[in-house]
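Subject: Handing over a structure

Hello,

I am passing on the structure that we talked about, and below it I have written out what was found. Please open it beside this message and follow along residue by residue.

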Amino acid sequence: IARETPRLGYTQDVEHSHVRFLGNLVLNLWDCGGQEAYMESYFESQRDHIFRNVAVLIYVFDVESRQMKKDIQYFSMCIEALKANSDKFKVFCLVHKMDLVPADVRANVFAKQEGIVRDIVGDLDVTCFQTSIWDETLYRAWSQIVYSLIPNVAQLESKLSIFCNGCGADEVVIFERATFLVIAHST
């Protein structure tokens, strides 16, 4: 629950976890703490280890950060480290805490951050999301990220469309059991 997040601590160093979903798909997650001391270590002594064979980078920008230039520098360093150590990877950026930005300037703030990200990644494919813990945006972003990782998703959605039409349903949605993330849908 969003209102309980103040009880959560921040990530220290690198926290590893494995999330199994869709039966045999396992995500090996490395949550890297963003404090300056840790960031320096990632790029100096752990660079080859942390950035080797990465499939997905999910970088979170705190829209309220007082050190946005440093955050952007770290993101750029991540991209360079990935280019040097991983052959094929996807990049997702969460521009987080967007609920704290006044609604009338929210789109401009996001567009500016997304532009900075796109300038850094160059010709790499990147997807940016506006997120907040107080609405569905974080959930929607995670669903789309997980969706991008599903092998043979086109085949799954093709079969789902046949099922949807056969049932005469307006829409069919497949949710992942443990996380309730949207895996596929057909209308």
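Let me begin with one pair of residues that you can look up straight away: Asp 62 has His 96, in E4, as its bridge partner. Before going further, please keep in mind that this is a predicted model, and that what follows describes that model.

**The sheet around this pair**

The pair belongs to two strands, E3 and E4 (residues 90-96), which run parallel to one another and are joined by seven bridges. Another of the partnerships between them sets Ile 58 opposite Phe 92 in E4. Together with a further strand they make up an open sheet of three strands in the order E3-E4-E5, and the pairing in it is parallel. The strands at the edges are E3 (56-62) and E5, each of which pairs on one side only. On average, neighbouring strands of this sheet are turned by 20° against each other, if direction is ignored.

Which side chains of E3 are buried, and which are not? The side chains alternate along this strand, with Leu 57, Tyr 59 and Phe 61 pointing to one face and being buried, while Val 56, Ile 58, Val 60 and Asp 62 point to the other face and are not buried.

**The helices that pack on it**

Helix H3 lies across E3 and E4, and its direction makes an angle of about 175° with E3. Helix H5 (residues 137-149) also packs on the sheet, where it touches E3, E4 and E5 and runs at about 180° to E4.

H3 covers residues 68-85, and from the first C-alpha to the last of its 18 residues it reaches 25 Å, which is close to the 26 Å expected at 1.5 Å a residue. Its buried residues are Met 68, Asp 71, Ile 72, Tyr 74, Phe 75, Cys 78, Ile 79, Ala 81, Leu 82 and Asn 85. When you look at the spacing of such a list, it helps to remember that an α-helix has 3.6 residues a turn, so residues three or four places apart point the same way.

**Aromatic rings**

Five aromatic pairs were counted in the model. One of them joins Tyr 59 and Phe 61, whose ring centres are 4.9 Å apart and whose planes stand at 50°, so this pair is tilted. Ring pairs also bring in Phe 75, so that Tyr 59, Phe 61 and Phe 75 are linked into a cluster.

**Single residues worth finding**

Thr 131 is found in strand E5 (residues 126-131). Is Thr 131 buried or exposed? Thr 131 counts as buried because its relative accessible area is 1%, and the cut-off for buried is under 20%. If neighbours within four places in sequence are left aside, Thr 131 is in contact with Leu 94, Val 95, His 96, Lys 97, Met 98, Thr 137, Leu 138 and Ala 141.

One of those contacts, Lys 97, is found in the loop between E4 and helix H4 (103-121). Lys 97 has a phi near 70°, a positive value in a residue other than glycine, and is partly exposed, with a relative accessible area of 32%. As background, most residues other than glycine have a negative phi. Asn 152, in the loop between H5 and helix H6 (153-167), likewise has a positive phi, near 60°. Asn 152 is exposed, with a relative accessible area of 57%.

**The hairpin**

Strand E6 (residues 172-175) and strand E7 (residues 182-186) pair in the antiparallel sense over four bridges, and Phe 175 stands opposite Val 182 in E7. The two strands form a hairpin with six residues between them, and in its turn Phe 180 has a positive phi of about 65°.

**The chain as a whole**

Finally, the secondary structure comes to six helices and seven strands, which follow one another along the sequence in the pattern β-β-α-α-β-α-β-α-β-α-α-β-β. Of the 187 residues in the chain, 34% are buried. If you take the contacts between residues at least 6 apart in sequence, 59% of them join residues at least 24 apart. The chain exposes about 11900 Å², of which carbon and sulfur atoms supply 51%.

With best wishes

Key. Residues numbered from 1 in each chain as written. Predicted model: local features only at pLDDT ≥ 70, side-chain atom pairs only at ≥ 80, totals over all residues. Heavy atoms only, no water. Expected span 1.5 Å × (residues − 1). Buried < 20%, exposed > 50% of the residue type's maximum accessible area, 1.4 Å probe, protein only. Contact = heavy atoms within 4.5 Å. Areas by Shrake-Rupley, 256 points an atom, 1.4 Å probe, with all protein chains shown as cover. Pairing = 2+ DSSP bridges. Axes fitted to C-alpha atoms, helices over the stretch in contact; angles between N-to-C directions. Phe/Tyr/Trp six-rings, centres within 6.5 Å; stacked < 30°, edge-to-face > 60°.
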